[in-house]
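Colleague: I'm new to this structure and would love a close look at a single part of it. Could you walk me through the surroundings of one residue and then show me how they fit into the rest?

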Amino acid sequence: MQTILAIETSTELASAALLRGGQVITRESAGVQTHSLAILPMVQSLLAEAGISLAQCDALAFGVGPGSFTGVRTACGIVQGLAFGADLPVLPVVTLAAMAQACRDLNGADDVLAVLDARMGEVYWAQYRFADAHWQVIVEPTLSAPAAVLPLPLNPGAKALQACGNGLSAYAEAFAAAPFGAASLPDVMPNARQIAALGSSAFSQGKGLNAVEAQPLYLRNKVALTTAERAAKAQP
């Protein structure tokens, strides 16, 4: 009976999930400023409900990014600390892939375009296809302007491309004319429930890492514009 503890703090919603014997229990806490304070009590609550200790888990999964710089760093640091203490492997899961899984959970989507608001006039995005019982990466996680989000064509006979994520609503004008915009799901965001599911799949494939090997996925080297850069972007 596989037991995976997962945390996700890359956006304004922090979440934790415990996948055990095919059943998932979750906790959530809104407010990006409180993630570092909220996540450990959520973990303790999940373990207490399940009646197990951390050491009885098989692995720890976390949202590796992309997302909030502080958020992905928080998740990585917490998971590393827990993993070191309990001598457990770590399973990094890309947040955009977790969004694709959330779409599949909602409506059985096979082709997903995940678009996450990266602030500063940009989005994180990736394209995924579910085939042969696993997700294939069609376009690797990318940081770009909304206008540069250009998904690749679907296979013949495929269902429509399902777009999701708050990047679609944050830059609604940029996506208004996009063919994937009409039936998009802007409220679908990374969540520990899907992090746990994808982590479980990775664990079954022997992809667990030593805690020291777990590193956040950063697509942007800079996390803020300078005053001069902001002024330059504001020029017509």
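Modeller: Happy to! Keep in mind that this is a predicted model. Let's start at Cys-164, which, leaving aside its neighbours within four places in sequence, is in contact with Met-99, Cys-103, Val-112, Leu-113, Ala-114, Val-115, Leu-185 and Val-188. Apart from the core that Cys-164 belongs to lies another one, of 28 residues, with Ala-16, Leu-18, Ile-39 and Val-64 among them.

The core around Cys-164 is the largest nonpolar one and has 32 residues; Cys-164 is among those with the most contacts inside it, along with Leu-96, Met-99, Val-112 and Tyr-128. At least two residues of this core come from each of S1 (3-8), S2 (13-20), S4 (59-65), S5 (90-94), H3, S6 (111-119), S7 (122-131) and H6 (192-204). The most comes from H3, which gives seven residues. In soluble globular proteins, nonpolar side chains tend to be buried together.

Now follow helix H3 itself. Buried residues in H3 include Leu-96, Met-99 and Cys-103. H3 covers residues 95-107, and at 1.5 Å a residue its 13 residues should span 18 Å; the end C-alpha atoms are 19 Å apart, which agrees. Just after H3 comes Gly-108, with a positive phi of about 75°.

Back on the Cys-164 side, strand S9 runs over residues 162-164 and contains Gln-162. Is Gln-162 buried or exposed? Its relative accessibility is 10%, so Gln-162 counts as buried. Not counting residues up to four places away in sequence, Gln-162 touches residues including Cys-103, Asn-107, Val-112, Leu-113 and Leu-185. A polar atom of the Gln-162 side chain also lies 3.0 Å from the backbone oxygen of Ala-183.

Val-112 and Leu-113 lead us on to the strands. S6 and S7 run antiparallel and are joined by eight bridges, with Leu-113 standing opposite Gln-127 in S7. These two strands form a hairpin with two residues between them, and Met-120 in the turn has a positive phi of about 55°.

On from there, S7 is joined by eight bridges to S8 (residues 134-144), and this pair runs antiparallel. Here Arg-129 has Gln-136 in S8 as its bridge partner. The hairpin of S7 and S8 has two residues between the strands, and Asp-132 takes a positive phi near 55° there. Seven of the ten residues of S7 are buried, so S7 is largely enclosed by the rest of the structure.

Note on methods. Residues numbered from 1 in each chain as written. Predicted model: local features only at pLDDT ≥ 70, side-chain atom pairs only at ≥ 80, totals over all residues. Heavy atoms only, no water. Helix = DSSP H or I, 4+ residues; strand = E, 2+ residues; numbered from the N terminus. Expected span 1.5 Å × (residues − 1). Buried < 20%, exposed > 50% of the residue type's maximum accessible area, 1.4 Å probe, protein only. Core = buried A, V, L, I, M, F, W, Y, C linked by side-chain atoms within 4.5 Å. Contact = heavy atoms within 4.5 Å. Polar contact = N/O pair within 3.5 Å; in protein donor to acceptor, adjacent residues only side chain to side chain. Pairing = 2+ DSSP bridges.
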